[in-house]
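Student: Could you pick one part of this model and take me through it closely? I'd also like to know how it sits among everything else, so please don't leave out the surroundings.

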Amino acid sequence: MQQKVSHRTHPAPLSPRLSIYRWHIPMIASIAHRASGAVLVMFVPFYLWVLHGMTGSPEDFDQALLFLHSPLCRVTLWMAAVAFIYHFCNGIRFLTLDAGWCESKQMMRLSAYIVLLIAMLSALAFGWLLW
Amino acid sequence: MIRKDTGTAHNGLKDWYWQRLSAVVLLVMLPLPFFLLIAVYSGAFNQFDLLDILDHFVSRLLHTLLILAIIVHAYIGLKVIFEDYVHSTLLRVPLIGSMLVVTSGFGIWWLAIIWAWGG
């Protein structure tokens, strides 16, 4: 039996409901944009803190540089770099979509694949650079 | 008409516009600190090279513009995420409010540091 949905008992849902949507590549690209953005927000204080150390005394600079090369920091830098590359490329993708270019379903899927591929390649490249 | 809950966007156009505007600014500017960080990390730049760049008036100006764009971009981005996924009004409103305080306070702190270093 189909239930009658009343708007009084069911207020308009706040979008997006991840549990309802079917997972597909452009949607994954969109969610990854948010996730990488959240990672990058946390990197901003880190960047300032490192820069603050590096503009201090020569000892501060050496210490900051030593800290950057510590294993834990390398992982942090790797995550931030990959998130940055992804957010940057997908941001360009979003801007082109907003400009009305490449809006067809196929093009959106293709560009999402390309951006995710670039992110994966950058993950490998940064992994290689940082170790 | 859909009644919007408290602490959700009533008009998304402004958010959308500022998010794009700050995105374009960041698109142009962010590669600079990115490569600067790589140069310092790899040892290609020592502290003098770094300070030479950061002390310059133009860099301070660019850094100021950068932090303003980052604050706008990060605040709207996080706000939209909270609006979408935090469904409890009692949780969402203080969350967005405190985020505004933290991001703007952080921005002021950063500006103070940018204009203070090197003297």
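Tutor: Sure, let's start with a pair of helices: α1(A) and α3(A) are oblique to each other. Keep in mind as we go that this is a predicted model. Helix α1 covers residues 25-54 of chain A and helix α3 covers residues 71-98, and they pack at an angle of about 130 degrees. Anything over 145 would count as roughly antiparallel, so an angle of about 130 degrees doesn't get there, and the pair is called oblique. Their axes are 8 Å apart, and the crossing of α1(A) and α3(A) is left-handed. As for who takes part in the contact of α1(A) with α3(A), the tally is 15 nonpolar residues, eight polar and one charged.

Now stay on α3(A) and look at another partner, α4(A). Here the axes come within 9 Å and cross at roughly 160 degrees. That is why α3(A) and α4(A) count as roughly antiparallel to each other. The crossing of α3(A) and α4(A) is right-handed. The α3(A) residues in this contact include A:Leu77, A:Trp78, A:Val82 and A:Ile85, while A:Val115, A:Ala119, A:Ser122 and A:Phe126 are among those from α4(A). Sorted by class, the contact of α3(A) with α4(A) has 17 nonpolar, four polar and two charged residues.

Let's zoom in on one residue from that list. A:Ser122 belongs to helix α4, which spans residues 105-130 of chain A. Is A:Ser122 buried or exposed? A:Ser122 has 9% relative accessibility, and buried means under 20%, so A:Ser122 counts as buried. Leaving aside residues up to four places away in sequence, A:Ser122 touches A:Val82 and A:Ile85. Both of those names are also among the α3(A) residues in the helix contact.

Step back and you can see the setting. Chain A has four helices and zero strands, giving the pattern α-α-α-α along the sequence. It has 131 residues, and 37% of them count as buried. If you take contacts in chain A between residues at least 6 apart in sequence, 67% join residues at least 24 apart. Chain A exposes about 8,600 Å², with 70% of that supplied by carbon and sulfur atoms.

Next to that, have a look at chain B, where you'll find five helices and zero strands. Buried residues account for 41% of its 119 residues. In chain B, helix α1 (residues 12-29) and helix α2 (residues 31-42) pack at about 35 degrees, and their axes are 5 Å apart. There, B:Leu26, B:Leu27, B:Val28 and B:Met29 of α1(B) meet B:Pro31, B:Leu32 and B:Pro33 of α2(B). Seven residues in the contact of α1(B) with α2(B) are nonpolar, with no polar and no charged ones.

One last stop in chain B is B:Leu54, in helix α3 (residues 47-55). Its relative accessible area is 2%, so B:Leu54 is buried. B:Leu54 and B:Trp115 are 61 residues apart along the chain, and their C-alpha atoms are separated by 9.8 Å.

Definitions and conventions
Residues numbered from 1 in each chain as written. Chains lettered and ligands numbered in written order. Predicted model: local features only at pLDDT ≥ 70, side-chain atom pairs only at ≥ 80, totals over all residues. Heavy atoms only, no water. Helix = DSSP H or I, 4+ residues; strand = E, 2+ residues; numbered from the N terminus. Buried < 20%, exposed > 50% of the residue type's maximum accessible area, 1.4 Å probe, protein only. Contact = heavy atoms within 4.5 Å. Axes fitted to C-alpha atoms, helices over the stretch in contact; angles between N-to-C directions. Parallel < 35°, antiparallel > 145°, perpendicular 65-115°, else oblique. Left-handed = near helix turned anticlockwise from the far one by under 90°. Nonpolar A, V, L, I, M, F, W, Y, C, P; charged D, E, K, R; others polar. Areas by Shrake-Rupley, 256 points an atom, 1.4 Å probe, with all protein chains shown as cover.
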